Structure formats: structure tokens, C-alpha cells
Amino acid sequence: MENRHIPESELILNSDGSIYHLHLKPEHLASFVFTVGDPDRVPLVSQHFEQIDFKIKKREFVTHTGWKNGKRLTVMSTGMSTDNIEILLTELDALVNVDLESRLLKTKKTQLQIVRLGTSGSLQLDIPAGSLLASEIGIGLDTLMMFYPHLAGNHDLAHAIQKELDLSFLPYQAAADSDLLSKVEGKFIKGITLTCPGFYAPQGRHVVLKPRIQFMLERLSDLSIDGKRLTNFEMETAAYYALGELLGHQMLSLNAIVANRPLKKFDPEANKTIERLIQAALECFGF
Ligand SMILES: O=P(O)(O)O[C@H]1O[C@H](CO)[C@@H](O)[C@H]1O
Ligand SMILES: O=c1cc[nH]c(=O)[nH]1
């Protein structure tokens, strides 16, 4: 990669030297990061830390860094949608891989491990609310990755979804890091996750405005691609996996299933499932 001087208007630092949106300096970040969508979920994770050394809030990005079981870790909130994940991952990568003084790439690369702890809706009757699901693959129904280099790897699912829904664009497809995925074996079911650019019509919901794509839920639930089926809807996973692949960081998205869409049910006990998700993730990663 060309080692150019990154201009001030392209990688923006605040007056205290912290990075623009996240408001972090390199020393505030651990190499293992849990991410959550909801800022109020950050203390639900960090309450399990033995010690918290650093806390900051900027916009929807709330960060706590501390220690558990002798290991340093960070938890941070991202807000919703893939556009926020683009900001998150670009700035996290810059914190570890750009010398913020010289504005040049560091010669030695640091790899982050980033695990999303999010909520999600199931597309399948046999994946009830209350399930814990690890996304093996993420498929993005948004256009974020049209602005970045092409992804390597298999795009079979993306092509099948484009055909089924008659989309004018090709969704993007990327996979979880296999080492991180192996750590949750037995504790999480595995699934194929659809990352949507919205919560309502882009997930086939009808409130007042009628979704343009008819029977989206049923068509995606029934789709079988070489024996593989789609399992859940959320709004960030594919961007983590795609940008993780391009930037060289390890990513895993873990989901608390809070709705069963075929049953038309939302789980009133969703908070308990989120707490189980947090506990299970801490255990699986040795914290
Ligand atoms: O609970 P979080 O992590 O925010 O994840 C899910 O919940 C939000 C929608 O309610 C979207 O961000 C979706 O991905
Ligand atoms: O159905 C759901 C539930 C949580 N998050 C989503 O994006 N969709």
C-alpha cells in the first residue's frame, strides 16, 4: 500500500489529538473490542470488568476500557447502521495503524479483534426469540461497499438474493473470522445474516408505508441456496465483515434474537437474552 501523508481534512483529529468521531487516542483502546449498538448497553458490558480505566462519550460513540481476568478490553457503542460502522472501523484502524503525528501508515500492522454484541430478528420458525446466533456470513443490502475495493471470496448468496428480490444492485457478502467463530462453537447457533439499510421496509415490515418488495420476509425465509438458508435480519454485520476483510482485522457478529418474524412476535424478555449474550461472549473469549 502506498505510504502517503494523509491530509488533515481526510483523517481529522480534535484539538486534544483524539480521533474525530470516536474521540479516542491510541492509548485508550485495547486490541480486543466488544461493540454494541445501543450506548446504554456499554455499562451492561463494562459492569463485568474488574477495573475501568477510561470512559468517554462523543455522539453515539460511548467507550469504556478496562481489565478483566488480567486482560485489557474495550467496549464501545456504535449507534445503528453500516454508515456508522464505516466511521467506527476506519477510525479504530487509524488509531492502531496510522502514526497520528507523521500521518503515515505504521510499518508494523496491529490487528484488532472486534466482536459485535447486537440484537436481531429471526427469519426462521425454528430459531426462536431467546436464541443466541453467531453470524457465519453477512450479506449487505446497502450500498456502502460500492465505494471501496472489491471483496475477494464467494458471492453466491448475494447473487441468489439479488435474483430472488429482483434488486437493481448486487448485495455484498463477507465472512466472520474463523478463529473468532471457533471460540463460540457450542454456545451459539451459526447463521447467515442479512444486513439491511433500515428496520422497517428494508426488513419487510409494513407500518404505514407499504414495502415496495412484496412478501420479502417469506421469499427470503424460503430461499435455499445449495442447502444454505438465511437466518436473521439486523443492520451492521456485513459492514463489519467486509471492512474487516479489507483492513485486516478479525471480526465476529453475535446476535441476541429478540423477534421471530414468521411468528410475528417480539420477545418481552429481550433484555434477559441480551444479558445472556453478554455473559456468553465474555466466557467464550476468556474474560
Ligand atoms: O441492538 P443493536 O446492536 O443496535 O442491533 C440491532 O438493533 C438495531 C435496530 O433496532 C440495529 O442496530 C440492529 O442491527
Ligand atoms: O427485527 C429486528 C430486531 C432487532 N434488530 C433488527 O435490525 N431487526
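Me: Which residues surround ligand 2?
Reply: In this predicted model, ligand 2 is surrounded by Thr119, Ser120, Gly121, Phe199, Gln203, Phe233, Glu234, Met235, Val258 and Ala259. What places a residue in that shell is a C-beta atom within 6 Å of the ligand.

Me: What makes β7 stand out in the shell around ligand 2?
Reply: β7 gives the largest share of that shell, three residues. The strands β7, β13 and β14 each supply at least two residues.

Me: How do the residues around ligand 2 divide by class?
Reply: Five are nonpolar, four are polar and one is charged. Gly counts as polar and Glu as charged, so Gly121 falls in the polar group and Glu234 in the charged one.

Me: What surrounds ligand 1?
Reply: The shell around ligand 1 consists of Val36, Gly37, Asp38, Met80, Gly118, Thr119, Phe199, Glu234, Met235 and Glu236. By class, four of these residues are nonpolar, three polar and three charged. Asp and Glu count as charged, so Asp38, Glu234 and Glu236 belong to the charged group.

Me: Why is β7 called largely enclosed?
Reply: A residue is buried if 20 or more other C-beta atoms lie within 10 Å of its own. In β7, residues 113–122, 10 of the 10 residues are buried, so the strand is largely enclosed by the rest of the structure.

Me: How do you know which faces of β7 are covered?
Reply: Take the two sides in turn. Gln113, Val115, Leu117, Thr119 and Gly121 lie on one side and are buried. Ile114, Arg116, Gly118, Ser120 and Ser122 lie on the other and are buried as well. Both faces are therefore covered.

Me: What makes β7 and β14 a pair, and in which sense do they run?
Reply: Two strands pair if there are at least two bridges between them. β7 and β14 (residues 250–260) have 10 bridges and pair in the parallel sense. Glycine 118 stands opposite asparagine 255 in β14.

Me: Which sense does the pairing of β7 with β1 have, and how many bridges support it?
Reply: β1 (residues 32–36) and β7 are parallel, with four bridges. Phenylalanine 34 faces valine 115 in β7.

Me: How many bridges join β7 to β13, and do these strands run parallel or antiparallel?
Reply: β7 and β13 (residues 232–234) run antiparallel and are joined by two bridges. At least two bridges are needed for a pair, so β7 and β13 meet the cut-off. Serine 122 has asparagine 232 of β13 as its bridge partner.

Me: What makes Phe34 notable in the largest nonpolar core?
Reply: The core has 68 residues, and Phe34, Leu117 and Leu254 are those with the most contacts inside it. Leaving aside residues up to four places away in sequence, phenylalanine 34 touches Val45, Leu73, Val75, Val115, Leu117 and Ala281.

Me: Why is β10 called largely enclosed?
Reply: Five of the seven residues of β10 are buried, so the rest of the structure largely encloses this strand. β10 is joined to β8 (residues 132–140) by seven bridges, and the two run parallel. In that pairing leucine 133 stands opposite isoleucine 189. β10 also pairs with β13 in the parallel sense, over three bridges, where threonine 193 stands opposite asparagine 232.

Me: Why is helix α6 called largely enclosed?
Reply: Eight of the 11 residues of α6 (residues 237–247) are buried, so the helix is largely enclosed by the rest of the structure. The buried residues are Thr237, Ala238, Ala239, Tyr240, Tyr241, Ala242, Leu243 and Gly244. After α6 comes glycine 248, with a positive phi near 85°.

Me: Why is aspartate 166 called exposed?
Reply: The cut-off for exposed is 12 or fewer other C-beta atoms within 10 Å. Aspartate 166 has 7 C-beta neighbours inside 10 Å, so it counts as exposed. Aspartate 166 sits in the loop between α3 (156–165) and β9 (172–175), and its phi is positive, about 55°, although it is not a glycine. Most residues other than glycine have a negative phi.

Me: Why is phenylalanine 215 called exposed?
Reply: Phenylalanine 215 has 11 other C-beta atoms within 10 Å, so it is exposed. Phenylalanine 215 lies in the loop between β10 (189–195) and α5 (216–222). Its phi is positive, about 55°, although it is not a glycine.

Methods. Residues are numbered from 1 along each chain as its sequence is written. Chains are lettered from A and ligands numbered from 1 in the order in which they are written. This is a predicted model: local features need pLDDT of at least 70, side-chain atom pairs count only at pLDDT 80 or more; totals for chains, interfaces and linings use all residues. A nonpolar core is a set of buried Ala, Val, Leu, Ile, Met, Phe, Trp, Tyr and Cys residues joined through C-beta atoms within 7 Å. Two residues are in contact if their C-beta atoms, placed from the backbone, lie within 7 Å.
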